[in-house]
Amino acid sequence: MNEIIIELEEISPKEFFGAQNVNIELLKKYFPKLKIVARGNKLKAFGDEELLEEFDRRISMLLKHFGKYNKLDENVIERVLTSQSSDDYATSKQSGEVIVHGVGGKLIKAQTANQRKMVELMRKNDMVFAIGPAGTGKTYTGVALAVQALKNKEVKRIILTRPAVEAGENLGFLPGDLKEKLDPYMQPLYDALRDMIAPEKLAHYIENGTIQIAPLAFMRGRTLDNAFVILDEGQNTTHAQMKMFLTRMGKHAKFLLTGDPGQIDLPRRTISGLKEALLILKNVEGVGMIFLDDKDVIRHKLVKKVIEAYKSIENRE
């Protein structure tokens, strides 16, 4: 039986192996035909020569990543072990830095490789589409970038919008005035802001218009300049709404559009403006696109399993 020994130098074995060797257990799942043993600062593997070569290559990739970010978790390991090359997950160190110091000293940063790519794209482009399923941090990362831009005085205001489309509910039957009816649709945006801006300051920003949260219909006829603008839930826009929104872009503006084409709540036979825009704008210079997936899910680990389970039945339909 062939054997390979990898010695960890200048790296804490405890952090690399994980609490109770949780990272090693994950490695064993990906290399079931190898016998993998972690002792002291050494990692040993026994088995077929070809598999050992692949194992050595993947460990080198993990060590390089750990050396760069001082962090390994299930998402990172999964991404590294399933990527063809480091281009699929590697990003600049800058993109992994803290985006915003949130409320109570909370450090808000991109958590996954694709979220870091989203940060990079936003720095290089004035318009970015961030596409992916629930829980991949599209909106949260986007709001953090908007707050960062406001704090750095790169923009004068933040505008957050989303189409008021019911997910199986009827807006007309909800109690209250227009604002009370619309607020539940804007809640994810409020939630993200509350993590990043102190309550009194946030209330002041909303009151004086520095931060505006409004349904998409309210964007008509406006020119949005000196602003970081986020369109959330873009999959629920129609062709006309998407075209209207994209043409609101003014000088010194940043536009981020997020959405999940798998969760369209539009009436049947209505084309999603987001899906259409992705096709029309894919080769336009200055427009960036990032596609997040279930490996970027940073909610409860069950969310990832739920997405996978639904994907399996939807693929059969």
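Start your tour by selecting N70: just after helix α3, N70 takes a positive phi of about 55°. Keep in mind as you look around that this is a predicted model.

**Stop 1: helix α3**

Now step back from N70 and colour residues 49-69, which make up helix α3. This helix has 21 residues and reaches 30 Å from its first C-alpha to its last, close to the 30 Å expected at 1.5 Å a residue. Go to the start of α3 and show the side chain of D48: one of its oxygens comes within 3.1 Å of the backbone nitrogen of E50. Which residues of α3 are buried? Select L52, F55, R58, I59, M61, L62, H65, F66 and Y69 to see them.

**Stop 2: aromatic rings**

Leave F66 switched on and add F16 and F17, because ring pairs link F16, F17 and F66 into a cluster. By the ring-pair rule, the count comes to 4 aromatic pairs. Zoom in on F16 and F17: their ring centres are 6.2 Å apart and their planes stand at 65°, so this pair is edge-to-face. The cut-off behind that name is an angle over 60 degrees. Are F16 and F17 buried or exposed? Both F16 and F17 are buried.

Next, select F245 and F255, an aromatic pair that is tilted, with 4.8 Å centre to centre and 35° between the planes. F245 belongs to helix α9 (residues 239-246), while F255 sits in strand β10 (residues 254-259). The two are 10 residues apart, and the pair links distant parts of the chain. F245 and F255 are both buried.

**Stop 3: the sheet**

Strand β10 takes you to an open sheet of 6 strands. Follow the strands in the order β8-β7-β9-β10-β6-β11, where the pairing is parallel. Which strands stand at the edges? They are β8 (211-215) and β11 (287-291); each has a single partner strand, so one side of each is left without a neighbour in the sheet. Neighbouring strands here are turned by 15° against each other on average, direction ignored.

For a closer look, select β7 (residues 157-162) and β9 (residues 227-231), which run parallel and are joined by 5 bridges. Show I159 and you will find V229 of β9 opposite.

**Stop 4: helices on the sheet**

Turn on helix α10 (residues 273-280), which packs on the sheet and touches β6, β10 and β11. The direction of α10 makes about 125° with that of β6.

Then add helix α5 (residues 113-124), whose 12 residues reach 17 Å from first C-alpha to last, close to the 16 Å expected at 1.5 Å a residue. Helix α5 lies across β6 (127-131), β9, β10 and β11, and runs at about 175° to β11. Among the buried residues of α5 are N114, R116 and E120.

**Stop 5: D293**

Keep N114 in view and select D293, in the loop between β11 and α11 (301-314). D293 and N114 are 179 residues apart in sequence and 8.4 Å apart in space, C-alpha to C-alpha. What does D293 touch, not counting residues up to four places away in sequence? The answer is R79, N114, P133 and T136. D293 is partly exposed, with a relative accessible area of 23%.

**Last stop: the whole chain**

Finally, zoom out to see the protein chain, with its 11 helices and 11 strands. Of its 317 residues, 47% are buried. Among the contacts with a separation of 6 or more, residues 24 or more positions apart account for 71%.

Terms used
Residues are numbered from 1 along each chain as its sequence is written. This is a predicted model: local features need pLDDT of at least 70, side-chain atom pairs count only at pLDDT 80 or more; totals for chains, interfaces and linings use all residues. Side-chain values use heavy atoms; hydrogens and water are left out. Rings of Phe, Tyr and Trp (its six-membered ring) pair if their centres lie within 6.5 Å; planes under 30 degrees apart count as stacked, over 60 as edge-to-face and the rest as tilted. Buried means under 20% relative accessible area, exposed over 50%, partly exposed in between (1.4 Å probe, protein chains only). Helices (H or I, at least four residues) and strands (E, at least two) are DSSP runs, numbered from the N terminus. The expected span of a helix is 1.5 Å times one less than its number of residues. A polar contact is a pair of N or O atoms within 3.5 Å; within protein, one must be able to donate a hydrogen and the other to accept it, and residues adjacent in sequence count only if both atoms are side-chain atoms. Two strands pair if DSSP finds at least two bridges between them. Axes are lines fitted to C-alpha atoms, for helices over the stretch in contact, and angles run from 0 to 180 degrees between N-to-C directions. Contact means heavy atoms within 4.5 Å.
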